[in-house]
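User: I'd like to go through this one with you, ligand site and all. Can you take my questions as they come?

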Amino acid sequence: MRKKGKLFTVCVALAVAAGTLTGCGSVTGGKRIVRISHAQSEEHPEHLGLLAFKEYIEENLGDKYEVQIYPNELLGAAQKAIELTQTGAIDFVVAGTANLETFDKTYEIFSMPYLFDSEQMYKDFMNDENYMDQVYEATDESGLRVMTWYNAGTRNFYAKKPIHTPDDLKGLKIRVQQSPASVNMVKAFGAAASPMSFGEVYTAIQQGVIDGAENNELALTNNKHGEVAKYFSYDMHQTVPDMLIANRNFINGLSEDELEIFKEAARISSRVEQEEWDACIQEAKKIATEEMGVEFIDVDVARFREKVADVQNQMLEDNPKIVDIYHHVQEVNAKAKGEQ
Ligand code: GCU
């Protein structure tokens, strides 16, 4: 699969070089082809959300646009696919916030361990469109416009051996996303951080290059990591979104009416993705337990939280771009607590 992915990337790169796929996008049969890249399988909630995006665009603007979705890192791993979106070789990409950190440091906020007090508070924060619009504008200067968010769940450690306490992480080599904040977090937990792209993780665990990784439950099944790592520990260190990111010139080139349709398609896709999420997680847990022999371990989360208490302060000191957002999240957390 990796080989196929690389071959496909090479083909797209050649197409770009040959000018058949240009910064202005490609036109086939009179229709503008809108390409979307993502890293997940076709069963993943994000793919289902994107199918709803495609359907809405083609229902409303089908005479002008055809939407093509490329799953499984076919157009390249997250960092590469964001760069292709930046240059306009493709039009949209879905990527984790950690991958956006190198494009704008505002996105480091989501890598802050234990930022949200609960999943509900995270959803309240993310669904506040007025507030999030300011966050989405952060990457404008890099030529990227974030359109909406998808639930990417809660991230937890999983490995070849069980992790019950933070001490069990000592000396382990854990894959992290290619983000400085994630590297710091894993180091603070006492493990060695090994940044690499998502598609490389399976083989790295299998070959013993790393001992484990950290992610949501779907990594076990959709990405088959449960075949090579049998212990998944609920330390819940991050609750994070993925972003639907557009090439900014593409968005700016739309008429007002078209833009409204693209925005509505993004909203619908986010809704569909979120609706699918919980059921997919339950199913993944069942498959991982019953068919893959993965053991899910409940841990004392407070002990893990203590371990990275300084990371929050350090991040706020080092990165002025996240300070206001951090305080806003605290307000959301406090408000939700008051209402409980
Ligand atoms: C999840 C998340 C992706 C992210 C991936 C990773 O699948 O949805 O956006 O890239 O984890 O850990 O790389």
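**Helices, rings and the ligand site**

User: How far apart are the end C-alpha atoms of helix α2, residues 45-61?

Analyst: This is a predicted model, so take the values as computed from it. Helix α2 has 17 residues, and at 1.5 Å a residue they should span 24 Å. The expected span agrees with the distance between its end C-alpha atoms, which is 24 Å.

User: And which residues of α2 are buried?

Analyst: Buried here means under 20% relative accessible area. An α-helix has 3.6 residues a turn, so residues three or four places apart point the same way. In α2 the buried set is Pro45, Glu46, His47, Gly49, Leu50, Ala52, Phe53, Ile57 and Leu61.

User: Which cluster of rings does Phe53 belong to?

Analyst: Phe53 is one of the buried residues of α2. Ring pairs link it into a cluster, whose members are Phe53, Tyr65, Phe92, Phe250 and Phe262.

User: How many aromatic pairs are there, and what is the geometry of Phe116 with Phe125?

Analyst: The structure holds 18 aromatic pairs. For Phe116 and Phe125, the ring centres are 5.5 Å apart and the planes are at 55°. Planes under 30 degrees apart would count as stacked and over 60 as edge-to-face, so this pair is tilted.

User: Are those two rings buried or exposed?

Analyst: The cut-off for buried is under 20% relative accessible area. Phe116 comes in at 8%, and Phe125 at 2%. So Phe116 counts as buried, and Phe125 is likewise buried.

User: What about Tyr122 and Trp149: how many residues apart in sequence are the parts that this pair ties together?

Analyst: Their ring centres are 5.5 Å apart with 80° between the planes, an edge-to-face pair. Both Tyr122 and Trp149 are buried. Tyr122 lies in helix α5 (residues 119-126) and Trp149 in strand β5 (residues 144-159), so the parts tied together are 27 residues apart in sequence.

User: Which residue has Lys285 over its ring face?

Analyst: Look for a charge sitting over a ring: Lys285 does that, at 5.8 Å from the ring centre. The ring belongs to Phe296.

User: Now the ligand. How much of its accessible area does the protein cover?

Analyst: Around the ligand are Gln40, Gly96, Asn99, Ala152, Arg155, Arg175, Gln177, Phe198, Asn215 and Asp242. Polar side-chain atoms lie 2.9 Å (Gln40), 2.7 Å (Arg175) and 2.5 Å (Asp242) from an oxygen atom of the ligand. On its own the ligand has 320 Å² of accessible area, and the protein covers 95% of that.

User: Where is Ser182, and which side chain does its own side chain contact?

Analyst: Ser182 is found in helix α7. It is buried because its relative accessible area is 2%, and the buried residues of α7 also include Ala181, Val183, Met185 and Val186. At 2.7 Å, the polar contact of its side chain is with the side chain of Ser179.

User: What phi does Gly190 take, just after α7?

Analyst: Helix α7 covers residues 180-188, and Gly190 comes just after it. Its phi is positive, about 95°.

User: Last one: how far is Glu73 from Gly199 in space?

Analyst: Glu73 sits in the loop between β3 (65-70) and α3 (78-87), and at 5% relative accessible area it is buried. In sequence, Glu73 and Gly199 are 126 residues apart. In space, C-alpha to C-alpha, they are separated by 7.4 Å.

How values were computed: Residues are numbered from 1 along each chain as its sequence is written. This is a predicted model: local features need pLDDT of at least 70, side-chain atom pairs count only at pLDDT 80 or more; totals for chains, interfaces and linings use all residues. Side-chain values use heavy atoms; hydrogens and water are left out. Helices (H or I, at least four residues) and strands (E, at least two) are DSSP runs, numbered from the N terminus. Buried means under 20% relative accessible area, exposed over 50%, partly exposed in between (1.4 Å probe, protein chains only). The expected span of a helix is 1.5 Å times one less than its number of residues. Rings of Phe, Tyr and Trp (its six-membered ring) pair if their centres lie within 6.5 Å; planes under 30 degrees apart count as stacked, over 60 as edge-to-face and the rest as tilted. A charge sits over a ring if NZ of Lys or CZ of Arg is within 6 Å of the ring centre and within 35 degrees of the ring normal. A residue is near a molecule or strand if one of its heavy atoms lies within 4 Å of it. A polar contact is a pair of N or O atoms within 3.5 Å; within protein, one must be able to donate a hydrogen and the other to accept it, and residues adjacent in sequence count only if both atoms are side-chain atoms. Accessible areas come from the Shrake-Rupley method with a 1.4 Å probe; for residues, only the protein chains shown count as cover.
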